[in-house]
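Got the viewer open? Here is a short tour, one selection at a time.

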There are 2 protein chains.
Amino acid sequence: MARNASFNIERFFQALGDMTRLRLLNLMGEQEICVCYFTEILAQPQPKISRHLAYLRSAGVVAARREGRWMHYRIVMPPHVGATQILLQTLAWLKEDRVMQTDRARLTKACCSPAKFVALQGAPLPASIDPSTCSTSR
Amino acid sequence: MARNASFNIERFFQALGDMTRLRLLNLMGEQEICVCYFTEILAQPQPKISRHLAYLRSAGVVAARREGRWMHYRIVMPPHVGATQILLQTLAWLKEDRVMQTDRARLTKACCSPAKFVALQGAPLPASIDPSTCSTSR
DNA sequence: GAATTATATTCGCATTGACGCATGCATTGT
DNA sequence: ACAATGCATGCGTCAATGCGAATATAATTC
């Protein structure tokens, strides 16, 4: 309920004005990600992650999908072309950031060798991950 | 390299997360604008305008130049290509907004017929304004 | 139905932000 | 020096935000 509040420009930029939320967006990128990956990769308390995801959701930047016990979050493009372009531009920009690159590397590693991440045993893989991308990890 | 410690991603987006600040940025656009125009066109208290300008300055989004009693503010492009593109994209997006269009129209009007804006008597015109753009005003 | 797992929400607290009001500071003009 | 002008800043107040800790909710498993 109350999931489709009208898109608000201020709220949109405010949602981008926090490093934790930017890291979450960077991890989502093009694909849907399970919450358990966020908490594991950012190494931060689950309630904190959950609140930031709720913030992003209230800003209309992400959407959630439930799959059994797991919640998958994905980026949704805003209902304005201008905002969409800014969001895409931001995601592209984030990829140049060291922290963001490290996060992405950890995500790949977690998906390829989940056995090393105790908390992720049995967690659903992002849909777009396939073993062929797991070149150097063991 | 090019690590400019003064520029902060979070701060950058936070600066964009306020309607008053977006209106100020929209008014500046490509040109330098005197503070007295902001207060007149937005019809809001001068300390409020000044505070928001200070916020934008602290975020590295605008710069100020003193000219006698007047302060001129202008947009400065961030030291990152990504941020620059986002800022330009944002400015372009704002132009589609009704409020922003009205503000711009009022700015043009104020520059062309300052006599109608008591507070702007003698105020310096934006550098890029010339009388040829004042077609229908008297 | 009870326990477990994955995620969301509530609470208390500290910090920040936005605002109005009054005042301070810098520059110009007399 | 004094007053006037244009702008910035300090103060008090209130709302919003971020956080950790605890608790609640939803889906699954026993």
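Start by selecting B:Lys95, which counts as partly exposed at 40% relative accessibility. Keep in mind as you click around that this is a predicted model. Now add B:Glu30, the salt-bridge partner of B:Lys95; the closest N and O atoms of the two are 3.6 Å apart. B:Glu30 is exposed, with a relative accessible area of 61%. Zoom out a little to see what the pair links: B:Glu30 sits in the loop between helix 2 (19-28) and strand 1 (33-34) of chain B, while B:Lys95 is in the loop between helix 5 (81-94) and helix 6 (98-112), 65 residues away.

Next, hop over to chain A and select A:Glu32 and A:Arg65. These two form a salt bridge as well, with 2.7 Å between the closest N and O atoms. A:Glu32 is in the loop between helix 2 (19-28) and strand 1 (33-34) of chain A and A:Arg65 is in strand 2 (residues 62-67), so this pair ties together parts that are 33 residues apart in sequence. Is A:Glu32 buried or exposed? Buried, at 18% relative accessible area. A:Arg65, on the other hand, is partly exposed at 34%.

Back to chain B: pick B:Arg65 and B:Glu67, whose side chains meet in a salt bridge at 3.6 Å, N to O. Both are partly exposed, B:Arg65 at 33% and B:Glu67 at 34%. For a network, go to chain A and select A:Glu32, A:Arg65, A:Glu67 and A:Arg74, which are joined by salt bridges that share partners. Over all chains, the structure holds 12 salt bridges.

Last stop: DNA strand D. How many residues surround DNA strand D? There are 23, and the closest are A:His52, B:Gln46, B:Ser50, B:Arg51 and B:Tyr73. Of the strand's atoms that come within 4 Å of the protein, 58% belong to sugar and phosphate.

Now zoom in on the phosphate oxygens of DNA strand D. A polar side-chain atom of B:Ser50 lies 2.5 Å from one. For the next two, turn on the backbone: a polar backbone atom of B:Cys36 is 3.2 Å from a phosphate oxygen, and a backbone N or O atom of B:Val35 is 3.5 Å from one.

To finish, color the surface near DNA strand D by class: you should get 10 nonpolar, 4 polar and 9 charged residues. Helix 4 of chain A brings the largest share, 5 residues. In chain B, highlight helix 3 (35-42), helix 4 (46-58) and strand 3 (70-75), which each supply at least two residues.

Terms used:
Residues numbered from 1 in each chain as written. Chains lettered and ligands numbered in written order. Predicted model: local features only at pLDDT ≥ 70, side-chain atom pairs only at ≥ 80, totals over all residues. Heavy atoms only, no water. Salt bridge = Lys/Arg side-chain N within 4 Å of Asp/Glu carboxyl O. Helix = DSSP H or I, 4+ residues; strand = E, 2+ residues; numbered from the N terminus. Buried < 20%, exposed > 50% of the residue type's maximum accessible area, 1.4 Å probe, protein only. Near = heavy atom within 4 Å. Polar contact = N/O pair within 3.5 Å; in protein donor to acceptor, adjacent residues only side chain to side chain. Nonpolar A, V, L, I, M, F, W, Y, C, P; charged D, E, K, R; others polar.
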